[in-house]
Amino acid sequence: MAWRNACKAIGAICVAAAMAVAAPLAATAGALDEVKKRGELRCGVSEGVAGFSEKDASGQWKGFDADYCRAIAAAVLGDPAKVSFTPLSAPERFAALRDGRVDVLARNTTWTLDREASQGVLFAGVSYYDGQGFLVRRAMGVDSALGLSGAKVCVEDGTTTRLNLADFFRANSMTYEELVFPNAAEAFAAFRDGKCDVLTRDQSALYGERLRLDRPEEAVVLADVISREPLGPAVRADDVSWFNVVKWIHFALVNAEELGVGQADVGRALESQKPEVRRFTGAEGGFGKALGLDPDWAIRMVKAVGNYGEIYERNLGVNTKLAVPRGLNHLWNMGGILYAPPMR
């Protein structure tokens with residue numbers, strides 16, 4: 001009521017302010033509708049990072065990020081197969097998102113202040129807590145990043161990785177020779193061919209790169225982590241409604257694991273009388289409608305791809321060839337720092 005009275009007092013100024021607030025909402029309201037009308041989610045992924053997004057022998061995209069895309073397709077369109085994947089290099093990824101070539105970017109991308117402030121994107125949460133590391137040849141006899149002074153280091157351009165590399169060596173009064181490449185594939189090829197002593201990337205990616213070497217046993221991922229790299233899906237900054245959809249899809253995957261709702265538990269969850277599970281399945285709460293989705297959006301995506309823990313273990317976990325320890329990416333009550341706001 002006070003807001004309405006103030007509006008009457010300032011007349012045209014209030015109308016202009018209201019239009020300024022309404023404009024972005026009107027723009028973003030069409031983003032979800034576009035995906036539904038098209039009948040397909042367009043997802044931007046990496047050009048090939050083992051465990052996150054890469055093509056298998058049959059040409060199908062697989063990995064942690066690829067499954068996140070399928071979860072979004074299942075929640076929005078009712079079918080995890082209704083997604084097309086667009087591989088993007090680091091320098092082009094944000095432009096592709098802003099230009100509408102992709103609806104969501106799920107490309108092992110670090111959430112930073114500069115990216116949200118100047119790139120026109122919003123990050124929908126942290127799907128993977130990572131950190132930058134180093135892959136080195138055992139022949140160097142180095143067991144710590146502090147022993148890398150004077151080394152030749154291969155790094156991908158257009159990434160926070162390159163900035164962190166400079167910060168680390170400068171902070172520790174160390175020297176290095178930087179070999180910069182336009183994409184991850186070329187940086188890896190240079191390391192494989194012996195053009196540099198060290199390859200630096202997010203530590204999670206380095207586990208996969210090591211396995212691609214002709215002799216993986218001749219290289220090691222150092223234990224040192226020199227940065228915080230919170231990775232997560234991103235959308236256009238003017239897409240507030242779509243941002244909320246993608247954000248809560250991520251949160252729902254995390255909540256599903258904490259609730260004990262996985263692919264094998266869908267039937268039991270649908271019969272549960274627990275209030276939090278009933279809200280999750282859409283039996284009560286009406287949260288699907290609030291997001292512009294069907295009531296069963298959350299449970300059907302778990303049925304399609306599993307909960308957060310299942311996605312992690314299938315693509316990155318200790319029983320995969322990568323065997324990446326879950327570490328910080330465990331739930332908060334299991335020794336990690338992962339949790340999501342409640343669905344209520």
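A residue is taken as buried when its relative accessible area is under 20%, as exposed when that area is over 50%, and as partly exposed in between. The structure described here is a predicted model, and it holds 2 disulfides.

In one of these, Cys 43 and Cys 69 are joined with their sulfur atoms 1.9 Å apart. Because Cys 43 belongs to strand β1 and Cys 69 to helix α3, this disulfide ties together parts that are 26 residues apart in sequence. With a relative accessibility of 0%, Cys 43 counts as buried, and Cys 69 is likewise buried, its relative accessible area being 0%.

The other disulfide joins Cys 154 to Cys 196, with an S to S distance of 1.9 Å. This pair links distant parts of the chain, 42 residues apart: Cys 154 is found in strand β9 (residues 151–156), whereas Cys 196 is placed in the loop between α7 (184–192) and β11 (198–202). The torsion about the S-S bond of Cys 154 and Cys 196 is about -110 degrees, and the disulfide is therefore left-handed. Cys 154 counts as buried at 0% relative accessibility, and Cys 196 is buried with a relative accessible area of 1%.

Turning to charged side chains, the count comes to 19 salt bridges. Among them is the contact between Arg 42 and Asp 103, whose closest N and O atoms are 3.9 Å apart, a distance that falls within the 4 Å cut-off applied to such pairs. Arg 42 lies in strand β1 (residues 41–45) and Asp 103 in the loop between α4 (93–98) and β5 (104–105), and the pair thus links distant parts of the chain, 61 residues apart. Arg 42 is partly exposed at 24% relative accessibility, while Asp 103, at 3%, counts as buried. Both residues also take part in a network of salt bridges that links Glu 34, Arg 38, Arg 42 and Asp 103.

A salt bridge is also formed by the side chains of Arg 314 and Asp 67, with an N to O distance of 2.9 Å. Since Arg 314 lies in helix α14 (residues 308–315) and Asp 67 in helix α3 (residues 64–77), this pair ties together parts that are 247 residues apart in sequence. Arg 314 is partly exposed, with a relative accessible area of 39%, whereas Asp 67 counts as buried at 8% relative accessibility. Helix α3 accordingly holds Asp 67 of this salt bridge as well as Cys 69 of the disulfide to strand β1.

In a further salt bridge, between Asp 296 and Arg 300, the closest N and O atoms are 3.3 Å apart. Here the acidic partner, Asp 296, counts as partly exposed at 33% relative accessibility, and Arg 300, at 17%, counts as buried.

The open space of the model was also examined. About 340 Å³ of space lies in the largest pocket, which is lined by 19 residues, those closest to its centre being Tyr 129, Asp 130, Gly 131, Leu 328 and Asn 329. At least two residues of this lining are supplied by each of β7 (128–130), α8 (203–211) and β13 (229–231). Sorted by class, the lining of the largest pocket comprises 9 nonpolar, 6 polar and 4 charged residues.

Notes:
Residues are numbered from 1 along each chain as its sequence is written. This is a predicted model: local features need pLDDT of at least 70, side-chain atom pairs count only at pLDDT 80 or more; totals for chains, interfaces and linings use all residues. Side-chain values use heavy atoms; hydrogens and water are left out. Helices (H or I, at least four residues) and strands (E, at least two) are DSSP runs, numbered from the N terminus. Buried means under 20% relative accessible area, exposed over 50%, partly exposed in between (1.4 Å probe, protein chains only). A disulfide is a pair of cysteine sulfur atoms within 2.5 Å. On a 1 Å grid over the protein atoms alone, a cavity is a set of points where a 1.4 Å probe fits but cannot get out, and a pocket is an open set with protein on both sides within 12 Å along at least five of seven lines; lining residues have an atom within 4 Å of a point. Grid points are joined across faces, edges and corners, and a volume is the space filled by probe spheres set on the points. Ala, Val, Leu, Ile, Met, Phe, Trp, Tyr, Cys and Pro count as nonpolar, Asp, Glu, Lys and Arg as charged, and the others, Gly among them, as polar.
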